[in-house]
Amino acid sequence: MFLEDLSVFFDVAGGFAVDALRTPAGGVAEAEPQAVIFDANGLNVEEFDVVTQAPAFVVPADTWPTLAEADEFEIGGTDYRARQVYPHRDGALTVAELVRV
Amino acid sequence: MALAAQQVAEAVRSRIGPTAYTDHPHPFAEAELPAWRVVYEGELTEGATMDGTVVQHGLKLRAIGHARAVDDLDAALNAMAATALPLIFAPPVPYGLQPDGEIERPMPGEGEAAIGAIEIPLRAIFFTRADAPETILS
């Protein structure tokens, strides 16, 4: 398996990432945040004549191997909950689709 | 004065309250929710007298409530309807306003999957003179 070096992207200080503090569903907040690439807007969709969003992040799959639906995250001072979690392409990255709570 | 149908829609809107709109064709922002739209579905007119000078109107309206809730979206929508229905049908009910069919609760899965709607079909029956469409006779 080709092992990509994703660290240059998932670098909060000099890359494209931001900190996300995870609270696993039904658990307690982890001690340290992890770097994710976050898209606050995702896309604007109009559901039943309401403009809404689809925030999401991508994260290296090995950062949170147990990442799952209903995990919660604090990103930039806003709380989110994972709606869906799935691997992206070759599985090196995981996508989490979020909802603001 | 306004066309009779507009007066009826406005009566429904005002009964629901300030979060209801008849003039909001553009999408709501999430911050505006919960909110209601009152929209026209159709208006059947027919002569009520032999000479057609008095016209009976059967106006179909739909009150559509929009809510955002991360958890228990269905409960939020049902609560909206539970609040609005007594307001809409508080006696004396104007223009023969009555329920008209199936209440629907569409809840899509796009975006944050936190937006839903509850749709209440309504029907009003009233009369105008053919040459005075802005004056409701009853």
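Two strands are said to pair if DSSP finds at least two bridges between them. With that in mind, good morning, and let us turn to the structure, which is a predicted model.

I begin with a sheet that involves two chains. It is an open sheet of three strands, in the order β3(A)-β4(A)-β2(B), and its pairing is mixed. The edge strands are β3 of chain A and β2 of chain B, each of which pairs on one side only. What makes up the mixture? On one side, β3(A) and β4(A) pair in the antiparallel sense over three bridges, and V45(A) has T52(A) in β4(A) as its bridge partner. On the other side, β4(A) pairs in the parallel sense with strand β2 of chain B, residues 28-29, over two bridges. There, V51(A) has A29(B) in β2(B) as its bridge partner.

Next, the contact between the chains. How many residues does each chain bring to the contact? Chain A gives 15 residues and chain B gives 16 residues. On the side of chain A that touches chain B, at least two residues come from each of β3 (45-47), β4 (50-52), β7 and β8. The residues on that side of chain A comprise seven nonpolar, two polar and six charged.

I now follow the pairings within chain A. Strand β1, residues 18-23, runs antiparallel to strand β2, residues 34-39, and three bridges join them. In this pair, V18(A) stands opposite V36(A) in β2(A). Strand β2(A) also pairs with β5(A), in the antiparallel sense and over three bridges. Here D39(A) stands opposite A56(A) in β5(A).

Strand β5 of chain A, residues 56-60, is in turn joined by five bridges to strand β8 of chain A, residues 93-100, and the two run antiparallel. Residue A56(A) appears again at this point, standing opposite E97(A) in β8(A).

The last pairing is that of β8(A) with strand β7 of chain A, residues 78-88. Eight bridges join these antiparallel strands. One of the facing pairs is P87(A) with its bridge partner T94(A) in β8(A). Strands β7(A) and β8(A) form a hairpin with four residues between the strands, and in this hairpin R89(A) takes a positive phi near 50°.

As a general reminder, strands of a sheet pair through backbone hydrogen bonds, either parallel or antiparallel. To close with the two chains, the parallel pairing I described is that of β4(A) with β2(B), and β4 of chain A is also among the strands that supply residues to the side touching chain B. Thank you.

Key
Residues numbered from 1 in each chain as written. Chains lettered and ligands numbered in written order. Predicted model: local features only at pLDDT ≥ 70, side-chain atom pairs only at ≥ 80, totals over all residues. Contact = placed C-beta atoms within 7 Å. Nonpolar A, V, L, I, M, F, W, Y, C, P; charged D, E, K, R; others polar.
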